[in-house]
Structure formats: C-alpha cells, structure tokens
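The following exercises concern strand pairing and helix packing. Each task is followed by a solution in steps.

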Amino acid sequence: MSMYSLASPYKHPTLLYFVLLIALIFTGTINASTGHKSIPTPKGWAIIPENSTEENVRWSEYFYQHIKRRSDLPDRIVYNRHISGYYEISVSINDTLKIDFAIHSIQNGAKLTARNKTGLLWLMYQVMKYISIENSHINTPDLPPALIHLSDTCGTFAFEYRSLYTPITCLNSDMPPVLGNSGFDADWGIWGHGLVKILGKNSPESVYATVDGIKKEEQFCFSSPETYRCIEHYILDNFGEGEKQSMRFAIFPADNKIVCNCAECKKAGNSLNSASPAVTRLIIHLANRFPKHQFFTSAYLSTQELPQQVLPINTGIIVSAIDFPLRYQPDGEMPVRVAKRLTDCHKITSNILVWDYINNYDDYLTPFPVLKIIQQRLHFYQQKGVKGIFLNGSGYDYSTLSDMQSFVLSALLINPDLSVDQLVSNYFKQAYPHFYNQLIPFYLGMENKAIRSPLPLNIYGGISESKHTFLHTSDFVHFYNLLQEAPDITTPEEKKRLNELRIALSFTRLEIARSNGSLEYGLAYPEKNRIMIRRETDGWLKQLEQHPDIPGCKRYRESGGEITTYLNEWRTVLLPSAGKTNLLLNQPLKALTPLDEDYTDLSILCDGLSGLPDNYHCGWLLHSQGNLEIAIPQIKNSSKNKISLTFLKQDHLHISIPEQVELYKNGKLYKKLSPSSYSVSDSDENPRVIAFEGNINISDTDNFTIRIIPQKTTGTKLALDEIRLTPQNK
C-alpha cells in the first residue's frame, strides 16, 4: 500500500456510481490503495465554483487566490472561466455528505467535496501540494508532504476532532488547517484550564473554592451562582447563543487537587477528593442554557469520578491519559482499566475526547520517539469509539523535531493505518534533501528501540530515563558528530534546520556528557583523585548558547528550565566542581536501605561533579523511602579528612534538606553533621543547595556508614549529589 493510500479508489467516474459509493461507505477511515495518477501538464488551471451558493463561491475564491499566489505563472491561474487545455478544479461543502471528503474526476479536471470547513481546507492544501509535485510552477515548500493523489478517492477521518498543542500549530495559525486539525484557540470558547482567564482576579470572592471554611483562590467553587453568571456572560458577550457558530467549552477545575467543600458543593455531592458532582451540575446547567453550544467536563485529578447520570446530547467528557503509560503493547492488548474507563464513559455520553501526551515535559530538546506508541493508542481509541483526540505537546516552546512529529501525528489522526516509517521518511526527504539519509535511520532507530523497551517513555524524565528506554548513547554521539560535519551543499532552509538541530541536540550531548562523567562519552577524564574537563565540552556549551536563534527556544522544560540558567550553572557550579579532590571518586558505594525505583545508581554521588541546582534530574539522587544509609568503602589516607554532603532544597517539589546526617564507625554513632553552608542560593534567606560538613578520622575503622534522616513531613523527598571526602589541607 502506498503511503498516500488514505481512501478507496473507484474506477467508473459516473455520477450515479459516485452517489452509490458515498451512500454505501461505512463510518471510519477507508483503507485501500489509490494508485499514483500523473496529470499531464495542462496549459493552466481554472478554479470553477461548483454552484453559485455563497459558501462555495467563497471557498472557490479562497482556493483560487492561494494557488495563484504560489504560482510562477499567475496568468495561467484563472477563476470561473472555461479555457481549452486548462485543468478545471471545483470545490464545495456538502454537509449531507456521509463521508468527510471526496475527489471526483471529470473529463478535464476534478471536483473536490468535503463535509465541513476543516475537511475542505485540508483537501485544498493536499491538492495544492500534489499539483506542485506534478507542476514545478506551483511552489509549496512550506506545505508538508501530501497524503493523497488528485484522482478518484474518498474517505472518512478516524476522529471527528483532531488537535495538536505543538510549536508548529501554536506559532503559526495557518498550520492546523493545512494539517487537517482544529485550532484549540479558534474552536474552543474555553479550553483546558482556561477558566482562570474568566474567573480571574476581578471576579467576586464567591467564585473561589472554600476548604474547611477558608477561601482558596487556587481553585473555584462550581456551585456558586456567580461562577455560573460569569461564564454565562462571557459566552453571550463573545459567542452569543450559537446561532451562527456552535462553539465548544471545556469547563475544568484549576490544575490541582483542591476540592470545594462549601455547603452547596457538599449538597451537590462533592467529597474530599472529588469535585465531579458540582462540576457536572454546572455543565448540565450551561448545556440546557445554550443548546446550540457544546460543553465538556474532564476526567482528570478532582474530576476522575464520572458523572452518575446520562449527560445531555450537547455535552461530553475529555478523558486525560495521564495514567496511561506511554508503552508499546507487543500483544496489542491495552490495560483493562483504561478500556473500562472509556466503556464507562460511553454509558453516559457519546462525545468522548482523549487528552494524550506526546512530550517529555522535563526535556523538550532531546528527541522523544512517541510516534509508533501513539499510533497504537489511536487504533485503540478508535476501536473504543472515541470521537476526538487532543495531543498535548510543548505548546509555544521549541521541541526538537516537533515539526516532523506534528506532520506524522496529524496524518495518523486522519488515518492511523498509515506507515510511520514512510511518513517520517517522506517528511525528512522534503525538509532535509541533503541530510535525510543520516536523519531517517537515527530517528527511526529511536522509535524502534522505544517500542521494544519494556519501560514506558517517561513524560517527566531526565537523561537517565531516556538512555534506559530509547537513546543509545553511541548512536546519538555518532549522529551528533555527523551533524557537525553536515555538507554545505544544502538549501538555505535546510541549513537553517540543520543549525537548529545542532543547537538543540547540544543540550542532549551535554546531558550525556554530564551523566557519563569521566566515563566514555563523558565531559571529563580521571586524574588521581579528581577529574579534568575535556576540551570538546566548551564547544557544546557555546553551541547551545546560540539557542536564541531558534524561535520559541528559551527553556528546555515545562516548569522553569531556562536555558540561560542551565548554561550558567554549568559554568559556575558544575565545571568548577570537576577540579576538586575527592578520595571517594568513582568508588563503589553501597546502599544499606531500599532505594527509589528510578534512582538506584549511586555512582552519581562520587563522580566528581556537583548537581545543577535548577534541575533535580541533573546529578541528584532522589530518595523518598525513609532513612538513607550508605556504606563507604575503606579508603587509604583516611585520617584527618573533611567530609561534605550536598543537598537540594526545592520546597515547591517537596524536596527538603535532611533532619539529621549521622556518621557511624563499626555500627556506633561517631558524629552528627549539621548544615554549615550553601553554595548556590536565590537569596541568603532561601538557599537552594546546602552542605552538611565536618572533619573526620576514619583510619581506625573498616566499616564506615552514613545515615541520612529526612524531615518528618509527609511526602518530603531527599536530593543528594556529591559525597566528597578530602584531606583537611585541601
């Protein structure tokens, strides 16, 4: 099957056969081959309105203006004129169509028909792209590869609603229709957690949640009459009753677990952890008030509990996939609890959308090979009758290769049976005409490793998780080096893309170097009891310093993560720490207490490098299992030494310094350490990195252990980087 095989071909282009075909078509994406049909180069192109309806004339003029603007020979693009030798194309919307789109060949051209505006826009851009392949006078370098041919074909999209939250769709409002998607800004009156924009600082106090008699402005009260009135007035002022255009409204609680327990919310049925009853009641109230608009609640955090009643026809549920691990299922069987969740949703509404995740939100710059995993999930969602998909990416922030991924994911939302390998290859061949032979195997290698991994992709992971699931270090370094040597015989646009890749992937190269320390591919080499920085390291840093050249590339993760801060901490914290003596350098430490599942590598505690204060993924051992006890191997020259343990303090992440650090000789308490200094701080009153230090003599023991006792506060974690043992005169 060709990658362009979106729909079933028909060989007898009579009107009767065409009508019968459409009447017999089943709902769901049509999958069969459409053979490539070359168009003899015409004398010109004529755009002919299908009929004189106002809407069809408007879209015909739109198509005419856009294709003419892209032509080197605009005089050969005509509107509503029949000229011998010209290829005629008509466009029309037919809301009674049983499928989403159709291309019908006529003697000297083709008729394009779609059921709605979204489908017609996508179809017109598909045809423009295809024509440009056949005719060099039509220029479409900004359009992604086409999925269909200009030949008899028709089809139904896999999902009614399709949307991406990625840079290419956020920074360029023209791209969603080109990709066949809806724009969340244009199609939603209220989207996601956008309710905060309506119930903002100027709203009455009654719109805020009450918890045990105390107002919480971080959350809303969904039983308050003022909350309803604010939303009602916002809809009326901005969208009216929905007579001209039906809008969607997502009414979500703010993104936290706070639940209002005022008298009215309790009466509605709210519990300690569930706001669903009050939110559902509000949704139903709004749906009855505005029958021409659509209203959605969420299945997420405090609204995980599904409504107990069947919802009105103009309401629905947006189900978050946050608890659905991004793991490929080799046998195709999806988790029973996820399947049951969607089945239970169908008992109360047919309007089910899924909000799924396509990025590592703690690392936007390392490629995230999620395409084949998402493809499998889309098949699953389609089988479960899900009507719409929203794929949550990095939004307005740059994410490496997100342009390619946006194209592929958009194509899969239209037809999940398309080949990921072919889609990726076709995009790279167009975008990187001189470098695709290196880029295709590199990226698809990560995709294939990800689907073979027993571990899920971590959407809040660091370089360690990436290396364990999909990122083969030697393969990455080989590709990164090839990228530095990419040929100069490239187009200006490809040069720009290659330069962006070099800059963005320098972050990954730095993370590999940092995590590997003085090992292969690391940033340093060992020299006695310290490590020395390799010369190449400065080049990687300088390349990442060019990140302002990339649109939207200011931070590398969702929360904080300013690249300038990352670079500054490399130069002021990490690199200076490398030259310090540590008698424990690369020594085998041993944990005497259980470790957290994702933090079992104690080598980062004696690799000679300090952790970066702005990111707990960068050089820190996280521990949440109570006391942490570590056995230190016997060290020569172990008298009159200084020991130092450094901890991270980030209150918003519940990462705190220990209650106590105790040292033991032969099982007996030897000394207690207290916090004595900090190396990096936001202010003198709020240090972020705190050292516990003390002078010790362990020459008289072969059994030396450290016991770290965390704060007693529930949920508090420890984050420890280097345990440093130095002679007192150093």
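**Exercise 1.** How many bridges join strand β22 to β25, and do the two run parallel or antiparallel?

*Solution.* The model examined here is a predicted one.
Step 1. Take β22 as residues 660–665; six bridges join this strand to β25.
Step 2. The two strands run antiparallel.
Step 3. One position fixes the register: K665 has F704 of β25 as its bridge partner.

**Exercise 2.** Determine how strand β20 pairs with β25, and state whether β25 is mostly covered.

*Solution.*
Step 1. Strand β20 spans residues 628–632 and pairs with β25 in the antiparallel sense, over five bridges.
Step 2. Within this pairing, I708 of β25 is the residue opposite L628.
Step 3. Strand β25 comprises residues 704–709, and five of its six residues are buried. The strand is thus described as mostly covered.

**Exercise 3.** Describe the packing of helices α2 and α3 by axis distance, crossing angle, handedness and contact residues.

*Solution.*
Step 1. Helix α2 covers residues 54–69 and helix α3 residues 117–134; their axes come within 11 Å and cross at roughly 30°.
Step 2. Angles under 35 degrees count as roughly parallel, and α2 and α3 are therefore roughly parallel to each other.
Step 3. The crossing of α2 past α3 is right-handed.
Step 4. On the α2 side, the contact is made by W59, Y62, F63, H66 and I67. Helix α3 contributes K117, L120, L121, M124, Y125, V127, M128 and I131.
Step 5. Sorted by class, this contact of α2 with α3 has 11 nonpolar residues, one polar and one charged.

Definitions and conventions:
Residues are numbered from 1 along each chain as its sequence is written. This is a predicted model: local features need pLDDT of at least 70, side-chain atom pairs count only at pLDDT 80 or more; totals for chains, interfaces and linings use all residues. Side-chain values use heavy atoms; hydrogens and water are left out. Axes are lines fitted to C-alpha atoms, for helices over the stretch in contact, and angles run from 0 to 180 degrees between N-to-C directions. Helices (H or I, at least four residues) and strands (E, at least two) are DSSP runs, numbered from the N terminus. Angles under 35 degrees count as roughly parallel, over 145 as roughly antiparallel, 65 to 115 as roughly perpendicular and the rest as oblique. A crossing is left-handed if the near helix is turned anticlockwise from the far one by less than a right angle, and right-handed if clockwise. Contact means heavy atoms within 4.5 Å. Ala, Val, Leu, Ile, Met, Phe, Trp, Tyr, Cys and Pro count as nonpolar, Asp, Glu, Lys and Arg as charged, and the others, Gly among them, as polar. Buried means under 20% relative accessible area, exposed over 50%, partly exposed in between (1.4 Å probe, protein chains only). Two strands pair if DSSP finds at least two bridges between them.
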